[in-house]
Amino acid sequence: MKARIVVGEGSCGLAAGAGEVFTALEKRLSPETDASLSITGCVGACFLEPIVDVYDGQGALHRCVHVTPENADTIVSAVETGDYSLLNEIVIQPEDESFLTKQTRIALRHCGIINPESIDDYLAADGYDALEKVLKTMSPEDVIEVIKTSGLAGRGGAGFPTWFKWNAARQSPGDEKYLICNADEGDPGAFMDRAVIESDPHNLIEGMLIGAYAIGAKEAVVYVRAEYPLAIVRLTEAIRQARERGYLGEHILGSDFCCDIRIKAGAGAFVCGEETALIESLEGNRGMPRLKPPFPAAEGYWRKPSNINNVETFANVAWIINNGGEAFAAMGTENSKGTKVFAVTGKVCRGGLVEIPMGMTLRDVIFGIAGGIRDGHEFKAVQLGGPSGGCIPAELLDTVIDYKSLSATGAIMGSGGMVVMDDTTCMVGIAKFFLDFTTKESCGKCVHCRIGTKRLGEILNRIVNGEGKEGDVELLEELCNTVKAGALCGLGQSAPNPVLTTIKYFRHEYDAHIRDHKCPAKACSALLTYSINPEACKSCGSCAKKCPVNAITGEKKKPYVIDPNICIRCGSCRNTCKFGAVDVE
Amino acid sequence: MQECNHKSVDLTLLEDTLAQYADVKGSLITILQKTQDIYGYIPIDAVYRISERTGASPAKILGVATFYSQFRFQAVGQFMVMLCKGTACYVNGAERIADAVMDELGIRDNQTTDDGLFSLSLVSCLGCCSLAPVMMINDKVYGSLTPDKARKILRDLRKEATAE
């Protein structure tokens, strides 16, 4: 068996330098070397990128991490000599490996393993078996029944049962129906949909075709974020390959089922994650939500029955068909079945994509898999669901991950963004951060959302600047409830969640800002005072050299002094001082 | 709304795109994306030409174009600096990077330096969260930034460009 060297080339890997590693390996490999060199997508262990998987002659995997172009020689030497102990220095450590082995992968099952640019790789991994099974042995009603048994729910955020949407679109009268994939992953901090498209595009195509068959659509569209150029390239190529092999187009696999898929690049608008706004955008308009009902299942794209699902939802479909609805439903909790992918980022030791069965706790994911908080800091909160979600505090870390339990905390499952924060993150600041985002992204249709988010942002702004007033928190709460009640779509209805959850769990931080003009996380620069501890100062003067506004003065053998009237509180002196002499209050 | 640039442009470059998409319903965003690929931004003259050919009013076209963050109405610099303001970057200190970049270049969001070298755009998420904080300059991602590191990257690019 030939040895194989496989370089992980997802967006994260490429950003970390996988392209240069590939070039170096290509250069070092000689025609005599009995090894192949290829690429794969993203395995999701972003903190270890660039990753190179070396399969030896027996097919055993030696996973090399943090690979640099200089390591190319070692890797090729190991392959040539068969002495894989040469890789010991760069091979993955057991505790890092547990990041992957503790996961259960369904939606991501091929990610970082197969070559996303090769349909043959996908076919060798049972690709398109589910489509063949569906077309040859199942009626559309059978398919919907299996999905119903599986309990699969929309992974985009709302968690609506997939079978119900499919069935509604199927039952709607008319011959012209559309299937749409929402790949407009707008939640800052979530990137699982991108990973699926970049790493396993045929899995998405297969899931979409099965969905199209179930509802009776002949045309399907993938609405992808324009910021994901690599995803668009890989999906375009996968569609071309699938069409060439007869998995797309007329009379697929010799059946009566005809369907084609095309890609539409989004143009950057968070609100287009809302399905009716997405449809407006597909039709070439401003992406503003429509009134519901009628729901898209009755009147969607071009006012025809349409069904919209998110990428991760489709990525589960082929597996469910192959393994049966019961196998999927066997995982998870009473109200949430199967697995969910989370993009774990922020202050954790091991960040990346984590797919786990529903029912694990937040603590299992953040501490068990992601390795807890880095740099010796303390866990403060985890933000789930992005701008529509909320912050969950340490005392609720044992909350079970399912739709119901997470909603009960005031946060939501959302699309699976999980941003972990430590004691240096200000909770008022994070609420303001999300409000800035939703204010900018509000489409402007509903007054409550358009102006309400703006006013919420203004109040938060004055609080972080130390100009908050007694009663501001109550005013925020009142306004939040008004915005929730008065907005038409999910964006406005959920925009207050980050504010409400931070007030609920971190009220003391709001009070400290308003009453004491202090930021407990020492993050709000307007509320900080920098000073030099004369005892600790060694008069080296490096802080004065770094200070961008020359606020620090001093001379040899005397402690330096910061002039608070000139200081802009940038913190460079504190970062520079080797003796820890700069205090911040 | 941002002001449109009134520099005249070669509209014949647009004809292939219009021939392909003008009569396909729902294609306005695609046409605008192709227009931006050609000129680097949406020139006002192109808006009028698209209007003539598609029948959509200039108001409708500009309404759509200004709705989406992808579209620009001024020519951009040689280096397009996209600074990530996503959640993971924010938590890892992106605001300080933004301050350093704006200070170094002397421009703010959606502006271009006088020498035409740098344009700055604050974007909501580049999806490289594990490398936070990050910025992307002409498709290359720079990760794990500090204010000093960001300044150095920009200075090196400026040196490189002015040496040529």
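Which residue in S12(A) is the bridge partner of A:Ala381? To find out, let's take a walk through this predicted model, one region at a time.

## The five-stranded sheet

The answer is A:Pro393, which sits in S12(A) and is the bridge partner of A:Ala381. That bridge belongs to an antiparallel pairing between strand S11 (residues 379–384) of chain A and S12(A), and the pairing runs over four bridges.

Zoom out a little and you'll find five strands of chain A forming an open sheet, in the order S10-S9-S13-S11-S12, with mixed pairing. Which strands stand at the edges? They are strand S10 (352–357) and strand S12 (390–393) of chain A; each has a single partner strand, so one side of each is left without a neighbour in the sheet. The sheet isn't flat-on from strand to strand either: on average, neighbouring strands are turned by 30° against each other, direction ignored.

## A hairpin in chain A

Now look at S3(A) and strand S4 (residues 61–64) of chain A, which pair in the antiparallel sense over four bridges. In one of these bridges, A:Val52 has A:Cys64 in S4(A) as its partner.

Together S3(A) and S4(A) make a hairpin, with five residues between the two strands. Check out A:Gly59 in the turn: its phi is positive, at about 85°.

## Two helix pairs to compare

Start with helix H6 (residues 129–137) and helix H13 (residues 311–323) of chain A. They pack at an angle of about 60°, and their axes are 8 Å apart. Why call H6(A) oblique to H13(A)? Angles of 65 to 115 degrees count as roughly perpendicular and those under 35 as roughly parallel, so the angle here makes H6(A) oblique to H13(A). Their crossing is left-handed. On the H6(A) side, the residues involved are A:Asp129, A:Ala130, A:Lys133 and A:Val134, and they meet A:Ala318, A:Ile321 and A:Asn322 in H13(A). Sorted by class, this contact has four nonpolar residues, one polar and two charged.

The other pair is helix H9 (residues 192–199) and helix H11 (residues 229–244) of chain A. These pack at about 35°, with their axes 8 Å apart, and H9(A) passes H11(A) in a left-handed crossing. H9(A) brings A:Arg194, A:Ile197 and A:Glu198 to the contact, while H11(A) brings A:Leu230, A:Ala231, A:Arg234 and A:Leu235. By class, you get four nonpolar residues, three charged and no polar ones.

## Backbone oddities

Here's some background: most residues other than glycine have a negative phi, and most peptide bonds are trans. With that in mind, have a look at A:Asp126. It has a positive phi of about 65° although it is not a glycine. You'll find A:Asp126 in the loop between helix H5 (119–124) and H6 of chain A.

Then there are cis peptide bonds to spot. One joins A:Glu49 and A:Pro50, with omega about -5°, and A:Pro50 is in the loop between strand S2 (35–40) and strand S3 (52–55) of chain A. Another runs from A:Pro293 to A:Pro294, with omega near 0°. A:Pro294 lies in the loop between H12 and strand S8 (306–310) of chain A.

## Domains of chain A

How is chain A divided? It has domain 1 (3–99), domain 2 (119–329), domain 3 (339–422), domain 4 (427–515) and domain 5 (528–584). Between the C-alpha centres of domain 2 and domain 5 of chain A there are 58 Å.

## Chain B and where the chains touch

Chain B has seven helices and five strands. Follow its sequence and the pattern goes α-α-α-α-β-α-α-β-β-β-β-α. Its C-alpha trace spans about 50 × 35 × 25 Å along the principal axes.

How many residues does the contact take from each chain? It takes 37 from chain A and 28 from chain B. On the chain A side, helix H1 (11–16), helix H12 (275–282), strand S9 (339–346), strand S13 (417–422) and helix H17 (427–441) each supply at least two residues. The largest share of that side comes from H1(A), with four residues. By class, the chain A side divides into 17 nonpolar, 15 polar and five charged residues.

Notes: Residues are numbered from 1 along each chain as its sequence is written. Chains are lettered from A and ligands numbered from 1 in the order in which they are written. This is a predicted model: local features need pLDDT of at least 70, side-chain atom pairs count only at pLDDT 80 or more; totals for chains, interfaces and linings use all residues. Two strands pair if DSSP finds at least two bridges between them. Axes are lines fitted to C-alpha atoms, for helices over the stretch in contact, and angles run from 0 to 180 degrees between N-to-C directions. Angles under 35 degrees count as roughly parallel, over 145 as roughly antiparallel, 65 to 115 as roughly perpendicular and the rest as oblique. A crossing is left-handed if the near helix is turned anticlockwise from the far one by less than a right angle, and right-handed if clockwise. Two residues are in contact if their C-beta atoms, placed from the backbone, lie within 7 Å. Ala, Val, Leu, Ile, Met, Phe, Trp, Tyr, Cys and Pro count as nonpolar, Asp, Glu, Lys and Arg as charged, and the others, Gly among them, as polar. Domain bounds come from an automatic or database domain assignment.
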